[in-house]
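Here are a few exercises on the pockets of a protein. Grab the structure, try each task yourself, then read the solution.

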Amino acid sequence: MADLTTTYMGLQLDNPLVVSSSGITGQVSGIERCADAGAGAVVLKSMFEELILAASKDLDKSLIFSGAGRPEVYDYVDIGKSLGPMAYLEFIEKVRRQVSLPVIASINCVSPKQWVSYARSIESAGADALELNISYFPLDEEEDSRDIEARYVQIVREVIGKVSIPVAVKIGSHFTSPLRVMRDVVAAGAKALVLFNRYHTVDVDLGSKRLVSAVKFSSPSEQNLPLRWVGLAAERLDCHIAASTGISDTESVLKMLMVGATVTQVCSTLYRNGPKYLSELRSGLSAWLDEEGHASVDEIRGLALRNAEDGEKGLLTRLQYIKNLEEATSSYEF
């Protein structure tokens with residue numbers, strides 16, 4: 001049987017299947033189900049920066065007293081801003097007691113404010129790693145793109161300075177130069193990149209003639225965007241890469257690994273099929289490796305890049321689709 005063990009940011013995983021931050025990982029019962037089904041690791045549901053900051057402004061005596069069993073909270077000059085919401089820390093501690101697989105905490109953040117001290121409390125609570133989900137909306141038309149990119153780097157640098165656990169950074173794809181942002185984030189100390197963030201979408205309800213949320217699960221077709229950039233980043237950057245979005249079955253897991261992903265994050269497919277589907281993904285991955293004669297998952301990581309013949313790697317950077325249209329046209333009669 002093929003060896004599925006994977007090293008991600010220094011963490012030892014039984015396999016490369018990581019459950020991404022979601023409602024499923026916001027409950028101990030959901031995490032236990034994922035662990036029982038064979039997840040390699042879980043990313044906890046995100047704590048939002050604004051909640052941390054709001055709690056730090058209104059810290060009351062009950063929170064101070066609840067820190068009596070946490071000596072680390074007194075290490076900070078401003079105890080209020082250091083603690084953040086206690087419930088999330090208690091959640092991490094509870095998860096750590098219930099499961100043995102690696103637990104990655106998550107913060108959804110937009111700024112390099114003093115909330116970064118909270119990262120140390122997350123480490124003290126028992127998280128094995130931290131994923132920074134940086135999602136800044138560039139609403140100011142006067143703001144320069146380089147300033148926006150610098151914001152990402154500054155957040156990473158400040159958090160890295162507060163913790164000793166590994167830090168992954170989850171970003172979106174909407175940059176003028178995604179590879180430059182990735183490079184700078186890695187240079188700032190990130191051990192891994194998560195490609196990509198999937199943003200909230202909006203729609204119009206024709207009946208009410210009003211804006212509405214358009215929350216949809218990711219579809220398999222969405223895997224092509226991260227697949228391209230995972231492949232490009234894997235050859236250029238010295239870091240681990242988690243592929244995210246559109247990963248729905250064993251085939252898509254294999255494809256991401258073969259373009260260089262260290263792990264694959266799954267979410268929507270677990271909502272559709274339940275956490276138990278992780279067992280099927282794991283079995284499918286193992287069976288395919290055995291059938292193809294591969295002794296381990298490490299053997300296929302980046303294999304599609306290594307097997308590429310002259311010109312084939314150019315497919316990763318190709319933008320024009322005229323040839324595709326010509327090929328499609330030749331198959332039809334008009």
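**Exercise 1.** Find which element gives the most to the lining of the largest pocket.

*Solution.* Keep in mind that you're looking at a predicted model.
- Start with the space itself: the largest pocket holds about 1500 Å³.
- Next, go to its centre. The lining counts 46 residues, and the closest to the centre are Asn133, Asn197, Arg198, Tyr199 and His200.
- Now list the elements that give two or more residues to this lining: α7 (145-160), α9 (224-236), β13 (263-266) and α11 (268-273).
- The winner is α7, with four residues.

**Exercise 2.** Sort the lining of the largest pocket by class: how many residues are nonpolar, polar and charged?

*Solution.* Tyr counts as nonpolar, Arg as charged, and Asn and His fall among the polar ones. Do this for the whole lining and you get 22 polar, 18 nonpolar and six charged residues.

**Exercise 3.** Now work out which element supplies the largest share of the lining of the second largest pocket.

*Solution.*
- This pocket has about 270 Å³ of space.
- Eleven residues line it, and Leu227, Val259, Glu312, Leu315 and Leu316 sit closest to its centre.
- Two or more lining residues come from each of α9 and α13 (303-306).
- The largest share belongs to α9, which gives three residues.

**Exercise 4.** What is the make-up by class of the second largest pocket's lining?

*Solution.* Leu and Val go in the nonpolar pile, and Glu in the charged one. The full tally is seven nonpolar, three charged and one polar residue.

Notes
Residues numbered from 1 in each chain as written. Predicted model: local features only at pLDDT ≥ 70, side-chain atom pairs only at ≥ 80, totals over all residues. Heavy atoms only, no water. 1 Å grid on protein atoms, 1.4 Å probe; cavity = no way out; pocket = protein on both sides within 12 Å on 5 of 7 lines; lining within 4 Å. Points joined across faces, edges and corners; volume = space filled by probe spheres on them.
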